[in-house]
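Me: Could you walk me through how to read the features of a protein model? I would like the general idea and then the case at hand.

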There are 2 protein chains.
Amino acid sequence: MTDHAPPPAGLASRVRKFEIYEVEFFGVEPTGSHVEVDLEVVFEGPGTRTRIPGFYAGNGRYLVRFSPATEGRWTYRTSSSFLEETVGEFRCLPARPDEHGPVRAEGLHFQHDDGTVFAPFGTTAYAWTHQPPELIAQTLRTLATAPFNKLRMCVFPKSMAYNSDEPAEQPFERDADGGWNVHRPHLPFWENFENRIRDLARLGIQADVILFHPHDRWGFATLSRESCLTYLDYCLRRLSAHANVWWSLANEYDMMFDRTPQDWDAFGEFISANDPYGHPLSVHNWLENFDFTKTWVTHCSIQSSAVHATAQWRTTYSKPVINDECRYEGDIEEPWGQLSPFELVHRFWATILQGGYCTHGETYYRDDEILWWAKGGELRGGSAPRIGFLRALVEELGGMLDPAPDRFAINPNDAVAAPPANQADNLHLRALARLDAVGWERFREGTAKYQAYQSDRAALLTYFGRSCQSTAHLDLSEDEWTLEILDVWNMTRTRLPGTSSGRTRLALPGREGIAVLARRARPAAQ
Amino acid sequence: MTDHAPPPAGLASRVRKFEIYEVEFFGVEPTGSHVEVDLEVVFEGPGTRTRIPGFYAGNGRYLVRFSPATEGRWTYRTSSSFLEETVGEFRCLPARPDEHGPVRAEGLHFQHDDGTVFAPFGTTAYAWTHQPPELIAQTLRTLATAPFNKLRMCVFPKSMAYNSDEPAEQPFERDADGGWNVHRPHLPFWENFENRIRDLARLGIQADVILFHPHDRWGFATLSRESCLTYLDYCLRRLSAHANVWWSLANEYDMMFDRTPQDWDAFGEFISANDPYGHPLSVHNWLENFDFTKTWVTHCSIQSSAVHATAQWRTTYSKPVINDECRYEGDIEEPWGQLSPFELVHRFWATILQGGYCTHGETYYRDDEILWWAKGGELRGGSAPRIGFLRALVEELGGMLDPAPDRFAINPNDAVAAPPANQADNLHLRALARLDAVGWERFREGTAKYQAYQSDRAALLTYFGRSCQSTAHLDLSEDEWTLEILDVWNMTRTRLPGTSSGRTRLALPGREGIAVLARRARPAAQ
């Protein structure tokens, strides 16, 4: 069966940590599936051993891609029914200074493999990889100066409003009946897609790869469960060694009416079991949050305008929360793409001040139908620079904000007779406890608090949202705190003179979009 | 017992319709209750007969106040255990041109007694009658040029933030124990209060008289049920003949923790049975709508930020809806008084475009604590003139807008297997039908439509709210329609050239606060 595979010639014998060590073999074209090729390589490095399956890359070429996370000497050995056993070795060098390895959920936040905090500030260009080269190049130029470090993007092409063009390439060859043959990946499609992931890596951007979505006219949304698993197998073999990959199992899973909860479980468990790197893995919804308590889900990927519920989601799921679609800044007729720039900036602040993360999208109409949210191109909205202002602030504060305790953390289902013991005589709380679910939700929205601590509690950030209050009280500790007034839209930071301590009354500008940053001036006494 | 009561001297023998014909008697001071005085007058006019109880007005004076709604000759006859029977007559002349009689709920809207439509555009100054004369005078000067035609105002004084001063007068004398003697109304208080109602009548403003409220430090919120009924009896005897009176049984009834549902029923039924004029009667809430299906409730008086639910409330209660507190324009620290001027204008438009009515309030902080919402004084906010712009428009359209049909009028409780028959194959609707109450509410909020017809369907008003869409489609009938683009903040109306018919695409400015008015240019063909 083998074609006298040569040794892996011309390959680097050294690789930097978190980059890809690619082993290439030559053989004959597979007679059966081009996905389920019987080729595995066992990589052994300092104290660690990993089995990586290969994939067929066309023209008799087989590739195995591995991204080591440990410096030092590595050896490898192939195992295949159709290729001769091959062994080799390479050295894994320290990572480039700006490469920190795959991102993983860590508590209610994210970190790279090397421990560097990652605070996602994502944007959305679902179909950018399916566009002509000039447009792809323009998107990359835009991303190079935009404030985003994660990009939501679909594998499959997109069919919906403003997305009627036919992609140049499709992910699979067709079978004799004209259906998709998921066992025959169409290689130009995949070469393009992975080059786009590499482009993003060069820009320091995580590729939030959306594996399924409902906005389809070609049949990718209705593949059989078995075909889906084959497709996922190929994605893992081909793409998982890229350090900047995230898996978004679906966009709007609850609009994929041919999929069952068992399908999603099967897919999620398959990825979880077969991704050697444990990339972030979640499922994005239309109306109903996915069940993020599933063990294979690493974080919450939510579509919701209810940004006031962010802290509750953290509590409910005990996983990091990204609101991946709080609606988009834009001017289209569809209700999901009409936010004012200020409103999207407001939703970012609200989400982050409740300990979550938020994702941008822009839907300004153009006659050529190149809307950023789908096809990429240029940004022209007002929110992006303000999101950059916020990102710089969050990174200055260490990137992991946790919400201050909620005044109204009552569980309405338990509370009929049981407000917290020390508040049992608080008639207001007893009235709250009588509310039904909708009444309770409205109350929570109306009284939501947007206030968060830096992880070491050396900073307290308070956002007043759309309130026009001209006065606020901050309950600071008895240490000395410096205070700054921030204007989230005008991107100003104004340091107040002196320091403050304990309960502090502040004068505010009396308009929407104001925040206050309190930083501890010197350590607590004790 | 009687003191040779003279005939009702010095009284007009003629009165205009809807004004007050007052009959005065003299006797000795009551030995028992000063409220439950045994004096009634039966008034007989053309085809009508009414019994009106009197009240004690001090110094041996007893008054009976009657407001006739029928022109022509009226006679009256007293009935009393302590006054001689007296008879008299007077003539009821046509009403002044600007006097239309008491307002009543009519279907889902309001009309005066003479059939004139009344579209409430209210404001709020809870404690204005309890302020010093100079401040009262300033409030009246402000109201004279403000766009409001209803004023929410409490009988009892107010004790809460920004309301710590002691009123000059209280409504009752004290009894020997220092408690309130509700049988001894303190007359200077009531003379002042009814003069304020008269002041409002002169300005064409309805007095939405709040009979109970929880923000109390004097004990008025905790009177016994029996005492409350005595107090209500006095209010009715003394105030009900004023054509511009409304009864708001409570402000924030669900924060009055000493009151039971049976109390509210007793009070509502008492007023309903004893108010000869059937003035509007409702109960305003803090968190939970009152049960507006009670037969004695004439309309819904709601506190809620959920303006998107207005059309649903109309449907649920089948009564006119006034959102009497959608929060206030202001800059105070309390979350209910921090709205931007634009947001309050937006809430007015949203409410009215769903067939409801909305009430203004202003809470800009001042060092002298004279905030409009409680004490009156001056208006300084940005919403009032824009509310005037909207009021003029609504009145131009006849004052009774009814919402266009809702795309998503599914009852989520019924819909699990039953979207409307012609939509049973609509997968989106089937997904919607799976939502829980909170999810459904969020969806409704996100897709709420703000579009209403003039009652004869000769005009269609569409409000795009906070959407920045630059395009809209209107589904007009096949008649010819003229179109105007309105800017709710800048108060501009821009007529588009020509006419439109059928499904019409419109270019919009692409910013928040835009509306379109379509008016039928000529009658339908048929």
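Reply: Happily; we will go through the interface, the symmetry, some salt bridges and a few single residues. Keep in mind that this is a predicted model.

Me: How is the size of an interface described, and what area is buried between chain B and chain A?

Reply: The size of an interface is often given as the accessible area lost when the parts come together. Here chain B and chain A bury about 3,500 Å² between them, and carbon and sulfur atoms give 56% of that area. On the side of chain B, the residues that lose the most area to chain A are B:Phe257, B:Glu333 and B:Arg442, together 17% of what that side buries.

Me: How many residues are in contact between chain B and chain A?

Reply: On chain B there are 42 residues in contact with 42 residues of chain A.

Me: And how many polar contacts and salt bridges should I look for between chain B and chain A?

Reply: Look for 16 residue pairs in polar contact between the two chains, counting pairs with both residues at pLDDT 80 or more. Helix H9 (427-433), helix H10 (437-447) and strand E26 (471-475) of chain B each supply at least two residues of the side that touches chain A. H10(B) gives the most, with seven residues. Sorted by class, that side of chain B has 19 nonpolar, twelve polar and eleven charged residues. As for salt bridges, the count between the two chains is four.

Me: Which salt bridges could I find on screen between A:Glu441 and B:Arg442, or between B:Arg434 and A:Glu288?

Reply: Both pairs are there to see. In one of them, the side chains of A:Glu441 and B:Arg442 meet at 2.5 Å, N to O. In another, B:Arg434 pairs with A:Glu288, with the closest N and O atoms 3.7 Å apart. That pair crosses between chains: B:Arg434 is in the loop between H9 and H10 of chain B, and A:Glu288 is in the loop between strand E17 (281-282) and strand E18 (300-303) of chain A. B:Arg434 is partly exposed, at 47% relative accessible area, and A:Glu288 is partly exposed too, at 26%.

Me: What rotation superposes chain B on chain A?

Reply: Two copies of a chain are related by a rotation about an axis and a shift along it. In this model a rotation of 180° with 0.0 Å of shift along its axis places chain B on chain A, with an RMSD of 0.0 Å. That is the relation of a two-fold axis. The same surface serves both copies, as 100% of the contact residues of chain B recur in chain A. To find the axis, go to B:Val438, the residue of chain B that comes closest to it, at 2.6 Å (C-alpha).

Me: Salt bridges can also sit inside one chain. Which parts of chain B does the pair of B:Asp487 and B:Arg511 tie together?

Reply: B:Asp487 forms a salt bridge with B:Arg511, the closest N and O atoms being 2.8 Å apart. B:Asp487 lies in strand E27 of chain B and B:Arg511 in the loop between strand E29 (503-507) and strand E30 (514-520), so the pair ties together parts that are 24 residues apart in sequence. B:Asp487 is buried, at 3% relative accessibility, whereas B:Arg511 is partly exposed, at 40%. In chain A, salt bridges that share partners join A:Glu22, A:Arg65, A:Glu194, A:Arg198 and A:Arg238 into one network.

Me: Now single residues: is A:Ala507 buried or exposed?

Reply: The cut-off for exposed is over 50% relative accessible area. A:Ala507 has 59%, so A:Ala507 is exposed. A:Ala507 belongs to strand E29 (residues 503-507) of chain A and touches A:Ser470 and A:Ile485, leaving aside residues up to four places away in sequence.

Me: What about the backbone: which sign does phi of B:Phe18 have?

Reply: Phi of B:Phe18 is near 75°, a positive value in a residue other than glycine. B:Phe18 sits in the loop between strand E1 (14-16) and strand E2 (21-26) of chain B and is buried, at 3% relative accessibility. B:Met491 also has a positive phi, near 60°. B:Met491 is in the loop between strand E27 (481-487) and strand E28 (492-495) of chain B, and is partly exposed at 32%.

Note on methods:
Residues numbered from 1 in each chain as written. Chains lettered and ligands numbered in written order. Predicted model: local features only at pLDDT ≥ 70, side-chain atom pairs only at ≥ 80, totals over all residues. Heavy atoms only, no water. Contact = heavy atoms within 4.5 Å. Buried area = accessible area lost by both parts, 1.4 Å probe. Polar contact = N/O pair within 3.5 Å; in protein donor to acceptor, adjacent residues only side chain to side chain. Helix = DSSP H or I, 4+ residues; strand = E, 2+ residues; numbered from the N terminus. Nonpolar A, V, L, I, M, F, W, Y, C, P; charged D, E, K, R; others polar. Least-squares fit on C-alpha atoms with pLDDT ≥ 70 in both. Buried < 20%, exposed > 50% of the residue type's maximum accessible area, 1.4 Å probe, protein only.
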